[in-house]
Amino acid sequence: MRIVVTVDGAVYTDDVEPRLLLVHYLRERLGKVGTVVGCDTSNCGACTVLLDGKSVKSCSVLAVQADDRAVTTVEGLAKDGALHPVQEAFRETHALQCGYCTPGMIMSTVDLLNENPDPDEEQVRHGLEGNLCRCTGYQNIVAAAQDAARRMQGTQAEDAR
Ligand code: FES
Ligand code: FES
């Protein structure tokens, strides 16, 4: 089947098998290897991307379901050489160890903060419950999400001036 999909701002037209998973399309066709496979059973969230702005586990979505839609991967967040505030917050707050869960954690955090720009700790934990991390114990990930919220509010306040 032919699909036309926008990924990280670029438009791609491709013929794909109907059974091809979005995560495999992103990694193997487009070389977007920043999106990773952690489990292949829809449990870990490492493969999370945004589909029309909403987080999805790309191992549980078919590439054909992205037809005529926009996908954002972790590789599409930085702008003009500057990290996205959520990426910056994860780096500054030491919210990763091995880093395998990090692309998915970051994409889910972006979605969470789009929905709720100022979440409390419980809301962050609830918002990220579909993403598993086997290294960090989550404390710094929660701190990073709240730090990112402050950074994004600061950016918006500056933009409004
Ligand atoms: S690889 Fe998609 S949820 Fe684990
Ligand atoms: S940092 Fe290793 S799985 Fe999260």
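**A mixed sheet with helices packed on it**

The accessible surface of the protein chain in this predicted model is about 8,500 Å² (Shrake-Rupley method, 1.4 Å probe), and 47% of that surface belongs to carbon and sulfur atoms. Buried residues, those under 20% relative accessible area, make up 43% of the 161 residues. The radius of gyration, taken over C-alpha atoms, is 16 Å; this agrees with the value near 15 Å for a compact globule of 161 residues, from the rule of 2.2 Å times the number of residues to the power 0.38.

The chain holds 5 helices and 5 strands, in the order β-β-α-β-β-β-α-α-α-α from the N terminus. Both are DSSP runs: helices are H or I with at least four residues, strands E with at least two.

The 5 strands form an open, mixed sheet ordered β2-β1-β5-β3-β4, where pairing requires at least two DSSP bridges between two strands. At the edges stand β2 (10-15) and β4 (54-57), each paired on one side only. Strand β3 (residues 48-51) runs antiparallel to β4 and is joined to β4 by 4 bridges; here Val 49 lies opposite Val 56.

Helix α1 (residues 22-29) packs on the sheet and touches β1 (2-7), β2, β3 and β5 (70-72), a contact being heavy atoms within 4.5 Å. Helix α3 (residues 102-115) also packs on the sheet, touching β3, β4 and β5.

Residues are numbered from 1 along each chain as its sequence is written, and chains are lettered from A and ligands numbered from 1 in the order in which they are written. Local features need pLDDT of at least 70, side-chain atom pairs count only at pLDDT 80 or more, and totals for chains, interfaces and linings use all residues, while side-chain values use heavy atoms, with hydrogens and water left out.

Methods
Axes are lines fitted to C-alpha atoms, for helices over the stretch in contact, and angles run from 0 to 180 degrees between N-to-C directions. Buried means under 20% relative accessible area, exposed over 50%, partly exposed in between (1.4 Å probe, protein chains only).
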